[in-house]
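Biologist: I would like to go through this model and test the terms used for it. Take each label and show me what earns it.

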Amino acid sequence: MAQPQTPNGSVDIPNASIPSSVQLRLNNMPPRSRSYMAEPNKIDAKYVNPESPPFPAFRGYHTFSFANDVMGRRLPTILGKAIEDTIITLNQLSKEDEILDLLACIERMDTLMDDLKSNKKLTPIPDDGAGDIAIWNKEIAKYFQGKDFMSAPWIFAEAYKYRRLHSCFSISKYFQDYDVFFRQKCDTFARSSHAVFELSTRFAEPSKIPNDDAKKLIFMELFQVCLWGNSTDLSLLIDMSEEDIKNLQSTGGDQLAATQKNILGNDIEKVWNQLKNNKNGRIDFVLDNAGFELFTDLVLADFLIQAGLADQVKFHGKRFAWFVSDVTRKDWEWLINSACYGRLFKGTAEELNSLRALGQRWKRYEQEGKIKYEEHPFWISGYTFFHLLEVSPDLFLDLHQSKLVFFKGDLNHRKLTYDCRAPPTTPFTEAIGTLASAPGAPPVCSMRTIKSDVVVGLPPGVAEKLDKEEKDWRLSGRYSVILMSDGRPDEDVDFDYTP
Ligand SMILES: O=P(O)(O)OC[C@@]1(O)O[C@H](CO)[C@@H](O)[C@@H]1O
């Protein structure tokens, strides 16, 4: 029956009561998608910049993301522990001018804590004469004016906090290089004897490898030990027992076989082919954590040299304390020297001798130039690696000499992929932008245990399945990826390249 019409043409329903809320019964519709996050649109490459990544950035105020927990809770906790550490040092000082100098550092940390907790705007870094200051302050001026800790992209805001923390000391008189995390890094490594001796007793003697098949098998196992070595991450594992550490660092074959299925994107065969076809070139490691992870990096590098798969290995570390456990020069020297001379571990004579033999060989390699440790300021900047060519062309040119660059860990992976909401099936080569597409880009491999939201390079359906079955899979460190890009190594570097 036709409804009566009002003069303006709308339907007039006499006495119809208006419901307070509309209930839809959609029994025959497809089920609601429970995907972790809706797939966002890609941003046009010409608009990509640190404030506007290729896909929407994770930001501290995003309560759906890990960024919120890190910015709101974890960073103040980490800073609180850093203050406690400095107070321990303060209480051991006797000279008045040193005490006053360190007290001023603690006051600056208190100010940083207030800024962080009250979500202050990001201000320029005070000039301490270091080489990275201009990079930081230009970036802040250009992209982050008016942004605060929670509204700036997480990757930038978190890195900014570590640079500000360093500034608390870098402008002091006596404590310019003080590392608030050094005690923690040493303590955790000191509790890693089980896994350290597992490796040192196997690799102390220069390996006699019978044939190429054996070489490949050793490589495959060692590579996975090095991958999972990234699980020991001080910024996440605050209250770990010795037993927890032992389990995490398990180097046994059974454990490796069990965890292989947790490598969600796995280019390990490709990595092997790259290494075996490029005998005797330079290999690079962009390092992540000090202590046990660095130990596994050195064991792997040592194997590559002995197996004739590399004639030089270059390690890239950080100039100051960074994301709690990242390697600095002091950590590097401490590890090698404590392997040679230290009384860090209790073990049998055979175990201790094996560790000493490794440490002495690594020292010799350093003297012979077979291994090298460097710290470019780009690695402690707020930029992601998408901007490596543009911001630090000298570093790009240096990496261009490498046969393969390994990027270790979660933070490096975030910086490779711009830490944004890329769909999980985005190919790795696409996700890393100019580091894959620019002429002269080296082959790159990301070895990462997954400990934050960004995930790329996965086969279709994998992320959706895990989102349904294991809510914390992106943060737990139980899963990992080994993803490789071939780059464009045979071409000359084009310094004017834009994507
Ligand atoms: O690089 P790493 O050591 O593997 O991990 C760094 C990390 O612990 O720091 C962030 C939290 O602050 C996370 O992105 C990530 O899990």
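Modeller: Start with aspartate 331 and lysine 185, whose closest N and O atoms are 2.8 Å apart in this predicted model.

Biologist: Why is the pair of aspartate 331 and lysine 185 called a salt bridge?

Modeller: The cut-off is 4 Å between a side-chain nitrogen of Lys or Arg and a carboxyl oxygen of Asp or Glu. Aspartate 331 and lysine 185 have N and O atoms 2.8 Å apart, so the pair counts as a salt bridge.

Biologist: What makes it a link between distant parts of the chain?

Modeller: Aspartate 331 sits in helix α12 (residues 329-341) and lysine 185 in helix α5 (residues 182-190). They are 146 residues apart. The whole structure has 36 salt bridges.

Biologist: Which salt bridge joins glutamate 158 to its partner, and what distance supports the name?

Modeller: The partner of glutamate 158 is arginine 414, at 3.0 Å from N to O. That is within 4 Å, so the term salt bridge applies.

Biologist: How many salt bridges are counted between domain 1 and domain 2?

Modeller: The count is 1. The domain assignment gives domain 1 as 48-171 and domain 2 as 184-485. Their C-alpha centres lie 26 Å apart. Domain 1 puts 30 residues into the contact, domain 2 puts in 32.

Biologist: How do you know what area is buried between domain 1 and domain 2?

Modeller: Buried area is the accessible area that the two parts lose on being put together, summed over both. For domain 1 and domain 2 that comes to about 2800 Å². Carbon and sulfur atoms give 73% of it. The interface also has 5 residue pairs in polar contact, both residues at pLDDT 80 or more.

Biologist: Which elements give two or more residues to the side of domain 1 that touches domain 2?

Modeller: They are α1 (66-90), α3 (133-143) and α4 (154-170). The largest share, 8 residues, comes from α4.

Biologist: Now aspartate 128. What makes its side chain a polar contact partner of arginine 163?

Modeller: The two side chains are 3.0 Å apart. The limit for N or O atoms is 3.5 Å, so the distance fits the term. A polar atom of the aspartate 128 side chain also lies 3.0 Å from the backbone nitrogen of alanine 130. Aspartate 128 is in the loop between α2 (96-117) and α3. Among the residues it touches are Ile133, His166 and Ser170.

Biologist: On to the sheet. Why are β1 and β4 said to stand at the edges?

Modeller: The open sheet has 7 strands in the order β1-β7-β6-β5-β2-β3-β4, with mixed pairing. β1 (263-266) and β4 (371-374) each have a single partner strand, so one side of each lacks a neighbour in the sheet. The twist averages 15° from one strand to the next.

Biologist: How do you know that β5 and β6 pair?

Modeller: Pairing needs at least two bridges. β5 (residues 404-408) and β6 (residues 444-449) have 4, so they pair, and they run parallel. Lysine 408 has methionine 447 in β6 as its bridge partner.

Biologist: What does helix α11 touch in the sheet?

Modeller: Helix α11 (residues 292-306) touches β2, β3, β4 and β5. Its direction makes about 160° with that of β3.

Note on methods: Residues numbered from 1 in each chain as written. Predicted model: local features only at pLDDT ≥ 70, side-chain atom pairs only at ≥ 80, totals over all residues. Heavy atoms only, no water. Axes fitted to C-alpha atoms, helices over the stretch in contact; angles between N-to-C directions. Contact = heavy atoms within 4.5 Å. Domains from an automatic or database assignment. Buried area = accessible area lost by both parts, 1.4 Å probe. Polar contact = N/O pair within 3.5 Å; in protein donor to acceptor, adjacent residues only side chain to side chain. Lists of a residue's contacts leave out its neighbours within four places in sequence.
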